[in-house]
Amino acid sequence: MSSNRVAVVPGSFDPPTRGHLDVIRRAGGLYDELHVLVVHNPDKHGMLPIEVRLRLLEESIAEERLPGRVVVGSWSSGLLVDYARDVGAGVLVKGIRSPQDVSYETPMAVVNNHLTGVETVFLLADPANSVVSSSLVRQVAALGGDVSPYVPGPVSAYLGSAERTLDE
Ligand code: PNS
């Protein structure tokens, strides 16, 4: 039985941004248990390895001191709604920055609801984060710019560190 007190916050998180963390923090105030899920296609190579995304998410979420239980995991096979059902989550939470995000997310929300009855809850992004995206951060980082205004501290530290060069 799925519960509306358990929610999944899915994303690529490549890398996690301040916008992601704002949505996770606010979802943490609405639900008793959150599953922050790195959804990825094993055939597609992102900027950061999955285990690095997981570690950076865990470190960034720890800084938020959320009241409920938070599970950070990854998912690469099958339907997202199957993961949600397996963990007893009745809700998917998505952050919305723009009308384009609504257009992109709406068909997925409708189909996911048809598939298993899971509901999608849209949280409107803080306007301060409306231009922040992982792809923008990747571009700025690749060109040697300062990404610290757009990402949580652990992500900024990682992207600026020698460790990253070793991983790639
Ligand atoms: O961080 P992103 O890249 O915007 O994350 C996108 C993601 C993974 C959250 C989105 O693509 C998604 O929800 N994928 C799951 C697949 C799904 O639900 N498909 C609709 C049913 S077929």
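User: In this predicted model, is V111 buried or exposed, or does V111 count as partly exposed?
Analyst: V111 lies in helix α4, which covers residues 99–116. Buried means under 20% relative accessible area and exposed means over 50%. V111 has 45% relative accessibility, so V111 counts as partly exposed.

User: Which residues form a nonpolar patch on the surface with V111, and what is their accessible area together?
Analyst: The residues that join V111 in the patch are L79 and L115. Together, L79, V111 and L115 have an accessible area of about 250 Å².

User: Which residues surround the ligand?
Analyst: A residue is counted here if one of its heavy atoms lies within 4 Å of the ligand. Under that cut-off the surrounding residues are P10, G11, S12, V39, L80, K94, Y104, M108 and N112.

User: How far are the polar side-chain atoms of S12, K94 and N112 from oxygen atoms of the ligand?
Analyst: A polar contact needs a pair of N or O atoms within 3.5 Å. For N112, a polar side-chain atom is 3.1 Å from a ligand oxygen. For K94 the corresponding distance is 2.9 Å. For S12, an N or O atom of the side chain and an oxygen of the ligand are separated by 2.6 Å.

User: How much of the accessible area of the ligand does the protein cover?
Analyst: On its own, the ligand has 560 Å² of accessible area. The part of this area covered by the protein is 67%.

User: Where is K94 found, and is K94 buried or exposed?
Analyst: K94 is found in strand β4. The relative accessibility of K94 is 11%, and buried means under 20%, so K94 counts as buried.

User: Which side chain meets K94 in a salt bridge, and where do the two residues lie?
Analyst: The N to O distance in this salt bridge is 2.8 Å. The pair links distant parts of the chain, eleven residues apart, with K94 in strand β4 and the partner in helix α4. Both residues of the pair are buried. The partner of K94 is E105.

User: Why is β4 largely enclosed by the rest of the structure?
Analyst: Strand β4 covers residues 89–96. The strand is largely enclosed because the number of buried residues among its eight is seven.

User: How many bridges join β4 to β1, and how many join β4 to β5?
Analyst: β1 (residues 3–11) and β4 run parallel and are joined by three bridges. Within that pairing, S3 stands opposite A89, and A7 stands opposite V91. V91 also has E119 in β5 as a bridge partner. β4 pairs with β5 (residues 119–124) in the parallel sense, and the number of bridges there is six.

User: What is the bridge partner of V6 in β2?
Analyst: β1 and β2 (residues 33–39) run parallel and are joined by six bridges. In β2, the residue that partners V6 is E33.

User: Which side chain meets E33 in a salt bridge?
Analyst: The two side chains meet at 3.2 Å, N to O. E33 lies in strand β2 and the partner in strand β3 (residues 69–75), 36 residues apart along the chain. E33 itself counts as buried at 17% relative accessibility. The partner is R69.

User: How far apart along the chain are D14 and R138, whose side chains meet in a salt bridge?
Analyst: The salt bridge has an N to O distance of 4.0 Å. D14 is buried, with a relative accessible area of 5%, whereas R138 is partly exposed at 30% relative accessibility. D14 lies in the loop between β1 and α1, and R138 in helix α5 (residues 134–142). The separation along the chain is 124 residues.

User: How many salt bridges does the model have?
Analyst: The rule takes a side-chain nitrogen of Lys or Arg within 4 Å of a carboxyl oxygen of Asp or Glu. With this cut-off, the count of salt bridges is ten.

User: What distance separates the C-alpha atoms of G153 and E63?
Analyst: G153 lies in helix α6 (residues 153–159) and is partly exposed, with a relative accessible area of 43%. G153 and E63 are 90 residues apart along the chain. Their C-alpha atoms are separated by 9.1 Å.

Terms used:
Residues numbered from 1 in each chain as written. Predicted model: local features only at pLDDT ≥ 70, side-chain atom pairs only at ≥ 80, totals over all residues. Heavy atoms only, no water. Patch = residues over 30% accessible without salt bridge, like charges linked within 9 Å, V, L, I, M, F, W, Y side chains within 5 Å. Areas by Shrake-Rupley, 256 points an atom, 1.4 Å probe, with all protein chains shown as cover. Helix = DSSP H or I, 4+ residues; strand = E, 2+ residues; numbered from the N terminus. Buried < 20%, exposed > 50% of the residue type's maximum accessible area, 1.4 Å probe, protein only. Polar contact = N/O pair within 3.5 Å; in protein donor to acceptor, adjacent residues only side chain to side chain. Pairing = 2+ DSSP bridges.
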